[in-house]
Amino acid sequence: MTLSNITLYHYPLSRSMRVKFLLHELLGEDFTTVKIDLMRGEGLSESFREKNPNHAVPVIDIEYSDGSTQTLIESIAILTFLADAYPEKALAPKIDDYIARANYLKWMAFGGAWMDMMLWQIRMHRDLLPKPMRHAATVELWSSKFTKEVTPQIRAALDTHDYIAGDSFTAADCMMAQNLNWARAYGLGIDPAIGKYMKRIKARPAFQLAMADAAGFEA
């Protein structure tokens, strides 16, 4: 059984950009994108919440060659699933390559959990919460922790390899690139090694396609 069609539910520059980047790497433009305007409340619609009760993107609808269908949520799960579903593209270490696979999964989870959590706290208290509920101290706290804890770990990885999980581009770079693009909008992750890494990433045609709708983002 193989994948016959994929539909991505997406909002520009959000976490779904991670998945859009990977899909362009895997499939070019041979997939369907449906924009969910989160800032207009479309994520809260009854029809969308049937797909994702957590009213967030990314979401993918998968059609298989045998006619069955599946809906998948959560960017870590989606990226890991898609990279493994197209082994010929070599965007994930093989499951039995234990050392490389463990390192790859570590960076996938680090980006989607710890790093993402910091950036989300900053975003909420800068942009999303009603002004009386925003706390500048929260922004300062997580910005400081990002600089002291996250940036050095990423820099150390990039000091020895061109990509986050090794010498080759993988799906973990789709996770990391979106996060660093997000972080650098806040003045975080500013480091020469990270800057060179982002330059390599931004030169990829798939990244450029994934960012083509960036003007549709609203803070």
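Student: How many bridges join β1 to β3, and is the pairing parallel or antiparallel?

Tutor: Start with the general idea. Strands of a sheet pair through backbone hydrogen bonds, in parallel or antiparallel fashion. Here β1 and β3 run antiparallel and are joined by six bridges. One residue pair to look for is Ile6, which stands opposite Ile62 in β3. Keep in mind that this is a predicted model.

Student: What joins β1 to β2, and how do these strands run?

Tutor: Strand β1 covers residues 3-10, and four bridges link it to β2. These two strands run parallel. Find His10, then look across to Lys35 in β2, which stands opposite.

Student: Which strands does the sheet contain, and in what order?

Tutor: Read the strands across the sheet rather than along the chain. The order is β2-β1-β3-β4. This is an open sheet of four strands, and its pairing is mixed.

Student: Why do β2 and β4 each have one side without a neighbour in the sheet?

Tutor: Both stand at the edges. β2 (32-35) and β4 (69-73) each have a single partner strand, so one side of each lacks a neighbour in the sheet. Now look at the twist. From one strand to the next, it averages 20°.

Student: How do β3 and β4 pair?

Tutor: They run antiparallel, with five bridges between them. Two residue pairs help you find the register. Asp61 has Thr71 in β4 as its bridge partner. Glu63 stands opposite Thr69 in β4.

Student: What links β3 and β4 along the chain?

Tutor: The two strands form a hairpin, with four residues between them. In the turn, Gly67 has a positive phi of about 95°.

Student: Is β3 largely enclosed or open?

Tutor: Count its buried residues. The cut-off for buried is under 20% relative accessible area. Five of the six residues of β3 pass, so the strand is largely enclosed by the rest of the structure.

Student: Which helices lie across the strands?

Tutor: Take α1 (residues 16-27). This helix lies across β1, β2 and β3 (59-64). Its direction is at about 150° to β1. Then take α3, which lies across β1, β3 and β4. The angle of α3 to β4 is about 130°.

Student: Let us turn to the backbone. Which residues other than glycine have a positive phi?

Tutor: The general idea comes first. Most residues other than glycine have a negative phi, and most peptide bonds are trans. Among the exceptions here is His55, whose phi is near 45°. Another is Glu74, with a positive phi of about 80°.

Student: Where do His55 and Glu74 lie?

Tutor: His55 is in the loop between α2 and β3. Glu74 is in the loop between β4 and α3.

Student: Why does each count as partly exposed?

Tutor: The class runs from 20% to 50% relative accessible area. His55 has 37% relative accessibility, so it counts as partly exposed. Glu74, with a relative accessible area of 48%, is partly exposed too.

Student: Which peptide bond is cis?

Tutor: Look at the bond from Val57 to Pro58. It is cis, with omega near 10°. Pro58 is found in the loop between α2 (46-51) and β3.

Student: On to pockets. What is the volume of the largest pocket, and which residues lie nearest its centre?

Tutor: Check the volume, then the lining. The largest pocket has a volume of about 580 Å³. Its lining has 24 residues. Nearest the centre are Leu13, Ser14, Trp120, Arg123 and Phe217.

Student: What gives the most to that lining?

Tutor: Helix α4 does, with five residues in the lining of the largest pocket. Both α4 (98-128) and α6 (171-185) supply at least two residues each. By type, the lining divides into 15 nonpolar, four polar and five charged residues.

Student: How does the second largest pocket read?

Tutor: Use the same steps. Its volume is about 280 Å³. It is lined by 16 residues, and those closest to its centre are Ala90, Leu91, Ala92, Pro93 and Lys94. The elements giving two or more residues to this lining are α3 (75-85) and α4. The lining of the second largest pocket has nine nonpolar, three polar and four charged residues.

Conventions
Residues numbered from 1 in each chain as written. Predicted model: local features only at pLDDT ≥ 70, side-chain atom pairs only at ≥ 80, totals over all residues. Heavy atoms only, no water. 1 Å grid on protein atoms, 1.4 Å probe; cavity = no way out; pocket = protein on both sides within 12 Å on 5 of 7 lines; lining within 4 Å. Points joined across faces, edges and corners; volume = space filled by probe spheres on them. Nonpolar A, V, L, I, M, F, W, Y, C, P; charged D, E, K, R; others polar. Pairing = 2+ DSSP bridges. Axes fitted to C-alpha atoms, helices over the stretch in contact; angles between N-to-C directions. Contact = heavy atoms within 4.5 Å. Buried < 20%, exposed > 50% of the residue type's maximum accessible area, 1.4 Å probe, protein only.
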